[in-house]
Amino acid sequence: MGMPDPQTNAEATEPPGARRLDRNIRAILQQREDEERNRNLQDRVSERITNFAGSWKFILLHVFLYGIWIGVNLGLLPIVPVFDPTFATLAMVASVEAIFITTFILITQNRMAANDAKRADLNLQVSLLAEQEATQLLTLTLAIAERLDVRTDVNDAIHELATEITPEQVLDRLEEREADRSDH
């Protein structure tokens with residue numbers, strides 16, 4: 001007699017669907033790792049700059065640097081000569097910095113929007129598959145009920161639900177409704 005296999009015991013105590021859930025999570029994490037690995041240098045640099053620009057370190061660094069700049073040019077630190085009495089150089093530096101940071105943020109947002117679009121497409125695909133499966137299950141259930149001569153109060157509703165609706169039909173109907181709404 002050997003010792004019981006801990007893996008078998010762990011699997012026996014897992015809730016139903018846990019292995020499928022773990023497989024799906026691993027697939028999602030693998031996809032994210034693949035996307036991260038395939039990012040180009042520009043995207044990685046843009047994201048790092050964007051992340052830094054959105055941090056407290058960035059704010060504190062700017063409060064410190066601009067505070068010193070302003071203090072020096074107001075004559076509050078007499079050991080350093082005034083070099084920007086009108087603050088024109090400070091305004092120019094801040095403007096150029098804002099232009100670059102905004103550009104990096106836009107690059108990062110564009111990449112994030114592309115990823116969101118891929119996830120939305122995946123979500124739509126999963127929803128369409130679930131809709132098709134549910135329609136097939138309802139059709140099968142109706143066929144079984146008819147074969148067994150089972151009648152219910154919801155037969156008409158089930159027949160309507162069992163009717164397949166294509167994405168194109170949904171989009172066409174949505175456009176019609178939007179057109180009707182804009183006409184009124």
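## A walk along the helices

Start by selecting Asp149, which is exposed, with a relative accessible area of 54%. Asp149 sits in the loop between H5 and helix H6 (155-161). Check its backbone while you're there: phi is near 60°, a positive value in a residue other than glycine. Keep in mind as you go that this is a predicted model.

**Colour by confidence**

Now switch the colouring to pLDDT. The chain averages 87, and 93% of the residues score at least 70. Which elements have the lowest and the highest mean pLDDT? Helix H1 (residues 6-13) has the lowest, at 59, while H4 has the highest, at 97.

**H4 against H5**

With H4 already picked out, show residues 56-73 for H4 and residues 88-147 for H5. Two packed helices are described by the angle between their axes and the distance between the axes. Here the angle is about 160° and the axes are 11 Å apart. The cut-off for roughly antiparallel is over 145 degrees, so H4 counts as roughly antiparallel to H5. The crossing of this pair is right-handed.

Turn on side chains next. On the H4 side, pick Phe58, His62, Tyr66, Trp69 and Ile70. Facing them from H5 are Thr89, Leu90, Val93, Ala94, Glu97 and Ile101. By class, this contact comprises 8 nonpolar residues, 2 polar and 1 charged.

**The loop in between**

Move to Phe87, in the loop between H4 and H5. What is notable about phi of Phe87? Phi is near 65°, a positive value in a residue other than glycine, as you saw for Asp149 with its phi near 60°. Phe87 has 23% relative accessibility, so it counts as partly exposed.

**H3 across H5**

Keep H5 on screen and add helix H3, residues 41-53. H3 and H5 pack at an angle of about 115°, with 8 Å between their axes. This crossing is left-handed, whereas the one between H4 and H5 is right-handed.

For the contact itself, select Asp43, Ser46, Glu47, Ile49, Thr50 and Ala53 on H3. Their counterparts on H5 are Ile101, Phe104, Ile105, Ile107, Thr108 and Arg111. Sorted by class, the residues are 6 nonpolar, 3 polar and 3 charged. Look out for Ile101 in this set, since you have just met it in the contact of H5 with H4.

Zoom in on Thr50. Is Thr50 buried or exposed? It counts as buried because its relative accessibility is 16%, and the cut-off for buried is under 20%. Leaving aside residues up to four places away in sequence, Thr50 touches Phe104, Ile105 and Thr108.

**Two long distances**

Stay on H3 and click Gln42. At 54% relative accessibility, Gln42 counts as exposed. Draw a C-alpha to C-alpha distance from Gln42 to Ala179: you should get 42 Å, for two residues 137 apart in sequence.

For the last stop, go to Ile144 in helix H5. Its relative accessibility is 45%, so Ile144 counts as partly exposed. How far apart are Ile144 and Asn115, in sequence and in space? They are 29 residues apart in sequence and 43 Å apart in space, again C-alpha to C-alpha. Put both distances on screen together: Gln42 to Ala179 reads 42 Å across 137 residues of sequence, and Ile144 to Asn115 reads 43 Å across 29.

Technical notes: Residues numbered from 1 in each chain as written. Predicted model: local features only at pLDDT ≥ 70, side-chain atom pairs only at ≥ 80, totals over all residues. Heavy atoms only, no water. Axes fitted to C-alpha atoms, helices over the stretch in contact; angles between N-to-C directions. Helix = DSSP H or I, 4+ residues; strand = E, 2+ residues; numbered from the N terminus. Parallel < 35°, antiparallel > 145°, perpendicular 65-115°, else oblique. Left-handed = near helix turned anticlockwise from the far one by under 90°. Contact = heavy atoms within 4.5 Å. Nonpolar A, V, L, I, M, F, W, Y, C, P; charged D, E, K, R; others polar. Buried < 20%, exposed > 50% of the residue type's maximum accessible area, 1.4 Å probe, protein only. pLDDT = per-residue confidence, 0-100.
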